[in-house]
Amino acid sequence: MKKQFAVIGLGRFGISVSTELYKLGHDVLAIDINESKVNEIVNDSTHSAVGDGTDEKTMRSLGITNFDHVIVAIGDDIQASTLCTLLLKEMGIDSVWVKAQNYYHHKVLDKIGADKIIHPEHDMGNRIAQHLVSEKVIDYIELSDDFSIVEIAAPRSMDNHTLMDLNIRAQFGITILGIKRGKDINISPMADDKIFENDVLIVIGHKNDLKRFEDSN
Ligand code: ATP
Ligand code: ATP
Ligand code: CA
């Protein structure tokens with residue numbers, strides 16, 4: 001289903017969000033105060049416009065209230081980012097996601113009703129660190145301080161065994177959400193599904209349990 005997104009602020013983060021949403025087939029309105037940024041996105045967005053995200057009249061004239069989701073990706077100018085978020089929430093936009101610059105910015109955004117606050121540098125840094133310490137971890141999503149989802153190469157010792165044989169929940173306290181084999185993916189595998197050596201497992205669990213699972217060969 002096609003969705004309507006507006007992205008305000010076209011730094012590296014905003015450009016990358018806009019371009020990917022557009023590639024995925026959604027409608028994207030890309031806005032920046034700087035004309036040269038807007039020119040960069042013309043071919044990778046449905047509409048693009050020069051405008052100040054902190055100016056209510058401009059935002060209304062761009063039809064911002066018709067969008068289901070707005071992403072505020074104004075970077076260094078914390079004041080502009082905050083004011084823009086406040087305006088969008090006051091105008092009644094349901095889903096406003098905002099890129100935060102630091103902890104104080106995060107706290108204010110939270111107070112004024114930002115629906116999701118993103119720390120791309122922090123999160124990507126975490127992921128890269130996970131990659132660096134474990135050759136097996138392919139990708140990583142932090143759900144909370146304690147729980148994550150990881151994509152991990154199947155331990156060799158599990159080759160040609162079913163989930164039941166391995167008794168994974170009891171042994172490790174984790175759940176396998178999916179098994180990737182080449183281009184195929186088996187979502188929510190059954191107890192009698194097998195794991196093979198070159199599979200990639202998508203696993204959810206407590207960090208300590210996931211670590212134990214990674215360390216088993
Ligand atoms: P990134 O790290 O994603 O490259 P950044 O955090 O360095 O971005 P900036 O380059 O400071 O962020 O800002 C992102 C964009 O937001 C810039 O292109 C800037 O022109 C735009 N911007 C700044 N203020 C406003 C505003 N009031 N309205 C709309 N766009 C704005
Ligand atoms: P459970 O309460 O652990 O699900 P169960 O008696 O309902 O056990 P099954 O669901 O058939 O039995 O699973 C048998 C065993 O296979 C479980 O003990 C579990 O360790 C393992 N298993 C099945 N599915 C998964 C999965 N998606 N991820 C991890 N282990 C699984
Ligand atoms: Ca930056």
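The points below describe a predicted model, taken from its domains down to single residues.

1. On the overall layout, the domain assignment divides the protein into domain 1, residues 4-118, and domain 2, residues 123-215. The C-alpha centres of domain 1 and domain 2 are 35 Å apart. A pair of residues gives a further distance to check in the coordinates: Lys183 and Gly63 are separated by 120 residues in sequence and, from C-alpha to C-alpha, by 41 Å in space.

2. On the annotation, an unreviewed UniProt entry lists residues 135-217 as "domain: RCK C-terminal". In the model, this span of residues 135-217 is 22% helix and 42% strand, and its end C-alpha atoms lie 12 Å apart.

3. In the N-terminal part, strand β1, residues 4-8, deserves a careful look, because four of its five residues are buried, so that β1 is largely enclosed by the rest of the structure. Buried here stands for a relative accessible area under 20%. Strand β1 runs parallel to strand β2, residues 27-32, to which five bridges join it, and β1 also runs parallel to strand β4, residues 69-72, through four bridges. Phe5 can serve as a reference point for both pairings, since Phe5 stands opposite Val28 in β2 and has His69 as its bridge partner in β4.

4. On the connection between these strands, β1, helix α1 (residues 12-23) and β2 together make a β-α-β unit, and this unit is right-handed.

5. Turning to the antiparallel sheet, five strands form an open sheet in the order β7-β8-β13-β10-β11, with antiparallel pairing. Its edge strands are β7, residues 137-142, and β11, residues 184-187, each of which pairs on one side only. Neighbouring strands of this sheet are turned against each other by 15° on average, with direction ignored. Helix α9, residues 207-215, packs on the sheet and touches β7, β8 (147-153) and β13 (200-206), while the direction of α9 makes about 145° with that of β13.

6. At the β7 edge, β7 and β8 are paired in the antiparallel sense over five bridges, and the two strands form a hairpin with four residues between them. Within this pairing, Glu142 stands opposite Ser148 in β8.

7. At the β11 edge, four bridges join strand β10, residues 175-181, to β11, and these strands run antiparallel. Arg181 stands opposite Asp184 in β11. The loop between β10 and β11 holds Lys183, which counts as exposed because its relative accessibility is 88%, where the threshold for exposed is over 50%.

8. Two asparagines call for a check of their backbone angles. Most residues other than glycine have a negative phi. Asn160, although not a glycine, has a positive phi of about 65°, and Asn160 is placed in the loop between β8 and β9 (161-162). Asn167, likewise not a glycine, has a positive phi of about 50°, and its place is in the loop between α7 (163-166) and α8 (168-172). As to solvent exposure, Asn160 is partly exposed with a relative accessible area of 40%, and Asn167 is partly exposed with a relative accessible area of 39%.

Terms used
Residues are numbered from 1 along each chain as its sequence is written. Chains are lettered from A and ligands numbered from 1 in the order in which they are written. This is a predicted model: local features need pLDDT of at least 70, side-chain atom pairs count only at pLDDT 80 or more; totals for chains, interfaces and linings use all residues. Side-chain values use heavy atoms; hydrogens and water are left out. Domain bounds come from an automatic or database domain assignment. UniProt positions are given in the numbering used here, feature names are shortened, and annotations may be inferred rather than shown by experiment. Buried means under 20% relative accessible area, exposed over 50%, partly exposed in between (1.4 Å probe, protein chains only). Two strands pair if DSSP finds at least two bridges between them. A crossover is right-handed if, with the strands pointing away from the viewer, the path from the first strand over the helix to the second runs clockwise. Axes are lines fitted to C-alpha atoms, for helices over the stretch in contact, and angles run from 0 to 180 degrees between N-to-C directions. Contact means heavy atoms within 4.5 Å.
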